[in-house]
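Thank you all for coming; I would like to take a few minutes to walk through one model, and please hold your questions until the end.

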Amino acid sequence: MAPAVAYAPAGSSFIPELILTDTTVSPATVANPYFLDCDTGIDDSLALAYLLASEKVNLVGIGTVAGNTSAEQGARNSLDLLALVGRSEVPVAVGATGPQSGEFDGGVPHIHGDNGVGNVELPVSSLRPVAEPAAEMLVRLAHEYAGELRIVAIGPLTNIAAALRLEPRLPRLVKELTLMGGAAMVPGNISEVAEANVGNDADAASEVFAADWFITMVPLDVTLTNTFEESDRDALLASGRPMPQTLGRILDLYYDFYIATYGRRACALHDPLAAAIAVGDIPLRVAPVVNVMVDATDGPGRGQTICDLRGYLNGYPQQPGAHCRVVLELEENFAPTLLAQLLRA
Ligand code: BDR
Ligand code: CA
């Protein structure tokens, strides 16, 4: 049974202090529990491998959502990647099969392949998704690991919004939400202003950003300026280990897609950067805590993350009610950290 909880004001930090009021029940004892919510495409696979390779992470559940590929295919990919490294104990739950309103558009096979993993055929494991839907799993885990669970959301935010509706106290139950999404000071990637994870379900994203929890937003501003190059892919392929070699193979198609962006075979590091920041591995140079809202109207701004960055000339003074840390610059290039981690995966 989940412990009864009450909450104290946050003090100097926004992160709410959680008080256990039932002394007969304590939170589950696994240290550093993480929940990954993803639309398992190519960069999601890098993020999953990053988390699996981290000694600081206990991955207690994975939810999948329609985005790069269908939620079912995302689950299949996640399970097959888990099997590749003998991590069959991590439960995978299928989540939303489309956005809150409208239909799933079929994903982006020209970017992530027909199967989400660059058309590479992963060894098909006998693992199956659990029966519990992703949003319900998230709510259950948030209770089980009350005050400890960290969410890493790297797909459309449909499951996270659904979990908020199921359990409005979710923001007080989880430790932190880190998400790959949005574009703060740069253009979008599915419209002039919208980034894919936010724009593919702007209604859900609007609810998630409006909820009263501490969010770390990892936007295109930093994920497009950190890249993997051919030399990184070569190192993965030469590793002699199943996971890095597989990642090297699935990156092939992704590199083709990004020729139009970078003028060379390389790729952006969207989701793995969010994973690494969630783990606390990446020093941040500029990451102000500011008010952010999502445009969920039907106009040309739909899916835009409107970040109040008006303080950029004077060190971003504190904004009342702000609870979103927007990562704008890193201290160092992310690729070497990522490569080293993936070679251990
Ligand atoms: C985000 O959209 C997806 O295609 C990627 O996996 C990443 O999560 C980048 O905009
Ligand atoms: Ca993703």
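I will go through the metal site, the cysteines, the pocket and two backbone angles, in that order.

Please keep in mind throughout that this is a predicted model.

Let me begin with the calcium ion, ligand 2, which is coordinated at 2.3 to 2.7 Å by side-chain OD atoms of Asp 39, Asp 44 and Asp 271, with Asp 44 entered twice, and by the O atom of Ile 154. Written along the chain, the spacing of these donors is D-x4-D-x109-I-x116-D. Within that set, Asp 39 and Asp 271 link distant parts of the chain, being 232 residues apart: Asp 39 sits in the loop between strand S3 (33–38) and helix H1 (42–53), whereas Asp 271 belongs to helix H13, residues 270–279. Asp 39 is buried, at a relative accessible area of 2%, and Asp 271 is likewise counted as buried, at 2%.

Next, the cysteines, where the obvious thing to ask is how many disulfides there are by this rule, taking a cut-off of 2.5 Å between sulfur atoms. The count comes to zero. For Cys 38, the closest cysteine sulfur is that of Cys 267, and at 17 Å it is too far for a bond; Cys 38 itself is buried, with a relative accessible area of 2%. For Cys 324, the closest cysteine sulfur is in Cys 307, at 6.7 Å, and since a disulfide requires the two sulfurs to be within 2.5 Å, that is also too far for a bond. Cys 324 is buried as well, with a relative accessible area of 3%.

Turning to the pockets, the largest has a volume of about 420 Å³. It is lined by 25 residues, and those closest to its centre are Asn 68, Ile 111, Asn 189, Ile 190 and Ala 196. Helices H1, H3 (109–112), H7 (196–199), H11 (242–257) and H13 each give at least two residues to this lining, and by character the lining residues divide into ten nonpolar, nine polar and six charged.

Finally, two backbone angles. Asn 32, which is not a glycine, has a positive phi of about 50°; this residue is in the loop between strand S2 (17–20) and S3, and at 32% relative accessibility it counts as partly exposed. Tyr 316 also has a positive phi, near 50°, and lies in the loop between strand S14 (305–307) and strand S15 (324–326), but with a relative accessible area of 19% Tyr 316 is buried, because the limit for that class is under 20%.

How values were computed: Residues numbered from 1 in each chain as written. Chains lettered and ligands numbered in written order. Predicted model: local features only at pLDDT ≥ 70, side-chain atom pairs only at ≥ 80, totals over all residues. Heavy atoms only, no water. Donors = N, O, S within 2.8 Å, 3.2 Å for Na, K, Ca; no water. Helix = DSSP H or I, 4+ residues; strand = E, 2+ residues; numbered from the N terminus. Buried < 20%, exposed > 50% of the residue type's maximum accessible area, 1.4 Å probe, protein only. 1 Å grid on protein atoms, 1.4 Å probe; cavity = no way out; pocket = protein on both sides within 12 Å on 5 of 7 lines; lining within 4 Å. Points joined across faces, edges and corners; volume = space filled by probe spheres on them. Nonpolar A, V, L, I, M, F, W, Y, C, P; charged D, E, K, R; others polar.
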